[in-house]
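User: I am new to reading protein structures. Please take a close look at the aromatic rings in this one, and then show me where they sit in the wider picture.

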Amino acid sequence: FPSHDNMLDKILDKVVADIDTLTTLDIASENRSYKPTATQDYVRVTLLPTEPLQVTIGQDRILRYRGIIQVDVVKCQNTGTSDPTVDAIINYFNTNRFFETTDNQRFTILTAWRNQGITSQDRYTIPVQLRYETYV
């Protein structure tokens, strides 16, 4: 079996690479150095896995992995509550779309949706959730 962490890293890398083709904004993600300026809009990607579930028994067991890929479009305050990057992400990662990592691990985006924006200090964050599933 591939390591759980390695598989999740590959899924995160694939999502970040695909988002990079959808926007001109810089992308921040786990374990990557990035420090935006005070006036710079950007995208932040975080993987939130849930506990794996064994779906078969025996020596060649199969595990199901599910979780959320949290994609935040972070904007300066007072620049509006929408962003073309949000729409592009939701349209690209549409329901039940299959993706493949560089080592041929397939995963599915089950649903993609936008939540209520959040204002914090000098930023307005538009959260988008991508629910994923994969079997190993």
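Analyst: What follows starts with the aromatic rings and then moves outward to the rest of the chain.

Keep one point in mind: this is a predicted model.

Start with the count. The structure holds five aromatic pairs. Take Tyr34 and Tyr42 as a worked case. Their ring centres are 5.5 Å apart, and their planes meet at 55°. Planes under 30 degrees apart would count as stacked, and planes over 60 as edge-to-face. The angle of 55° falls in the rest, so the pair of Tyr34 and Tyr42 is tilted. Why two values for each pair? A pair of aromatic rings is described by the distance of the centres and the angle of the planes.

Now ask about cover. Are Tyr34 and Tyr42 buried or partly exposed? Tyr34 has a relative accessible area of 25%. Buried means under 20%, and exposed means over 50%. Tyr34 lies in between, so Tyr34 is partly exposed. Tyr42 has 10% relative accessibility, so Tyr42 counts as buried.

Phe93 and Phe99 make another pair. Here the ring centres lie 5.2 Å apart. The planes are at 40°, so this pair is tilted too. Both rings belong to buried residues. Phe93 has 0% relative accessibility and counts as buried. Phe99, at 5%, also counts as buried.

Phe93 and Phe99 have company. Together with Tyr92 and Phe107, they form one aromatic cluster.

Next, look at the charged side chains over ring faces. Arg97 lies over the face of Tyr92, a member of that cluster. The distance from Arg97 to the ring centre of Tyr92 is 4.3 Å. Arg106 lies over the face of Phe98, at 4.5 Å from the ring centre.

One more tyrosine appears in a surface setting. Tyr135 joins Leu53, Val55 and Ile62 in a nonpolar patch on the surface. Together these residues have about 320 Å² of accessible area. Where does Ile62 sit? Ile62 lies in the loop between β3 (53-54) and β4 (63-76). Its relative accessible area is 34%, so Ile62 is partly exposed.

Two residues in strands add some contrast. Ser29 is found in strand β1, residues 26-29. Ser29 is buried, with a relative accessible area of 10%. Setting aside residues up to four places away in sequence, Ser29 touches Val16 and Val45.

Thr111 lies in strand β6, residues 106-114. Thr111 is partly exposed, at 27% relative accessible area. Beyond its neighbours within four places in sequence, Thr111 is in contact with Thr95, Gln129, Leu130 and Arg131. Thr79 is another matter. Thr111 and Thr79 are 32 residues apart in sequence and 27 Å apart in space, C-alpha to C-alpha.

Now step back to the whole chain. The protein has two helices and eight strands. From the N terminus on, the order is α-β-β-β-β-α-β-β-β-β. The C-alpha trace spans about 55 × 30 × 25 Å along its principal axes.

Of the 136 residues, 41% count as buried. The accessible surface comes to about 7800 Å², and 47% of that belongs to carbon and sulfur atoms. Finally, consider contacts between residues at least 6 apart in sequence. Among these, 59% join residues at least 24 apart.

Notes
Residues are numbered from 1 along each chain as its sequence is written. This is a predicted model: local features need pLDDT of at least 70, side-chain atom pairs count only at pLDDT 80 or more; totals for chains, interfaces and linings use all residues. Side-chain values use heavy atoms; hydrogens and water are left out. Rings of Phe, Tyr and Trp (its six-membered ring) pair if their centres lie within 6.5 Å; planes under 30 degrees apart count as stacked, over 60 as edge-to-face and the rest as tilted. Buried means under 20% relative accessible area, exposed over 50%, partly exposed in between (1.4 Å probe, protein chains only). A charge sits over a ring if NZ of Lys or CZ of Arg is within 6 Å of the ring centre and within 35 degrees of the ring normal. Patches are made of residues with over 30% relative accessible area and no salt bridge: like charges are joined within 9 Å, nonpolar side chains (Val, Leu, Ile, Met, Phe, Trp, Tyr) within 5 Å. Accessible areas come from the Shrake-Rupley method with a 1.4 Å probe; for residues, only the protein chains shown count as cover. A salt bridge is a side-chain nitrogen of Lys or Arg within 4 Å of a carboxyl oxygen of Asp or Glu. Helices (H or I, at least four residues) and strands (E, at least two) are DSSP runs, numbered from the N terminus. Contact means heavy atoms within 4.5 Å.
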